[in-house]
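The following exercises are to be worked with the sequence and the coordinates at hand. Each task is followed by a solution in steps.

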Amino acid sequence: MLLGFATGLLVDIFYNTFGIHAAACVFIMYIRKFWIDFLTPRGGYDMGSIPSPRSQGLQWFMTYAFPLLLVHHILIFFIEVGGFQLFSHTILKATASAAFSLILILVIQYIIYSSSRRNVL
């Protein structure tokens, strides 16, 4: 949770948002363990495996990442609005932003994995 707080605080410092991202990141770090436990198969995962589309598969990664991204964005946008005004607009905005973020994360995952794989060979 300290890593989530530090990451959120770093974003807050650069965007001057006074703790909005820190709160959302700490909450995501809190629920992440429960979400991974919910997604864990009966046999468990291999020791030392990381949640990435290459190691766990694209479908599993999207099932893992999208709900966490959606909760993160919903928290950020509702805290930013300061309540539940424009509820449907805020949910739509959070969903679109989470979907775009997931696409960017997937692109970055495949670019970094491909470049690091080529350097090893």
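**Exercise 1. Locate Phe18 and Asn16, and describe their backbone and exposure.**

Solution. Step 1: Phe18 is found in the loop between α1 and α2, where helices (H or I, at least four residues) and strands (E, at least two) are DSSP runs numbered from the N terminus. Asn16 lies in the loop between α1 and α2 as well.

Step 2: Phe18 is not a glycine, although its phi is positive, at about 60°. Asn16, also not a glycine, has a positive phi of about 55°. Most residues other than glycine have a negative phi.

Step 3: Relative accessible area is classed as buried under 20%, exposed over 50% and partly exposed in between (1.4 Å probe, protein chains only). Phe18 counts as exposed because its relative accessibility is 74%. Asn16 has 53% and therefore counts as exposed too.

The model is predicted: local features need pLDDT of at least 70, side-chain atom pairs count only at pLDDT 80 or more, and totals for chains, interfaces and linings use all residues. Residues are numbered from 1 along each chain as its sequence is written, and side-chain values use heavy atoms, with hydrogens and water left out.

**Exercise 2. State the composition of the chain and the confidence of the model.**

Solution. Step 1: The chain holds five helices and zero strands, in the order α-α-α-α-α from the N terminus.

Step 2: The average pLDDT (the predictor's confidence in each residue, from 0 to 100) is 86 for the chain, and 86% of the residues score at least 70. Confidence is highest in α1, at a mean of 93, and lowest in helix α3 (residues 53-56), at 74.

Step 3: Of the 121 residues, 27% count as buried. The accessible surface, by the Shrake-Rupley method with a 1.4 Å probe and, for residues, only the protein chains shown as cover, comes to about 8,600 Å². Carbon and sulfur atoms account for 71% of this surface.

Step 4: A contact means heavy atoms within 4.5 Å. Among contacts in the chain with a separation of 6 or more, 59% join residues 24 or more positions apart.

**Exercise 3. Which helices supply at least two residues each to the largest nonpolar core?**

Solution. Step 1: A nonpolar core is a set of buried Ala, Val, Leu, Ile, Met, Phe, Trp, Tyr and Cys residues joined through side-chain atoms within 4.5 Å. The largest one has 13 residues, and Trp60, Phe61, Tyr64, Ala65, Leu68 and Leu102 have the most contacts inside it.

Step 2: The helices that each supply at least two residues of this core are α2 (20-39), α4 (58-81) and α5 (87-120). The most come from α4, which gives six residues.

Step 3: Leu102 is in contact with Phe61, Met62, Ala65, Phe66 and Leu69, leaving aside its neighbours within four places in sequence.

**Exercise 4. Compare the expected span of α4 with its end-to-end distance.**

Solution. Step 1: The expected span of a helix is 1.5 Å times one less than its number of residues. The 24 residues of α4 should therefore span 34 Å.

Step 2: The end C-alpha atoms of α4 are 33 Å apart, which agrees.

Step 3: The buried residues of α4 include Trp60, Phe61, His72, His73, Phe77 and Phe78. Gly82 follows α4 and has a positive phi, near 90°.

**Exercise 5. Are Thr90 and Ser101 buried or exposed, and what do they contact?**

Solution. Step 1: Thr90 is found in helix α5 and is buried, with a relative accessible area of 3%. Ser101 lies in α5 and is buried at 18%.

Step 2: Not counting residues up to four places away in sequence, Thr90 touches Phe77, Phe78, Val81 and Gln85. A polar atom of the Thr90 side chain lies 2.8 Å from the backbone oxygen of Leu86.

Step 3: With neighbours within four places in sequence left aside, Ser101 is in contact with Leu69 and His73. The side chains of Ser101 and His73 make a polar contact at 3.3 Å; such a contact is a pair of N or O atoms within 3.5 Å, where within protein one must be able to donate a hydrogen and the other to accept it, and residues adjacent in sequence count only if both atoms are side-chain atoms.
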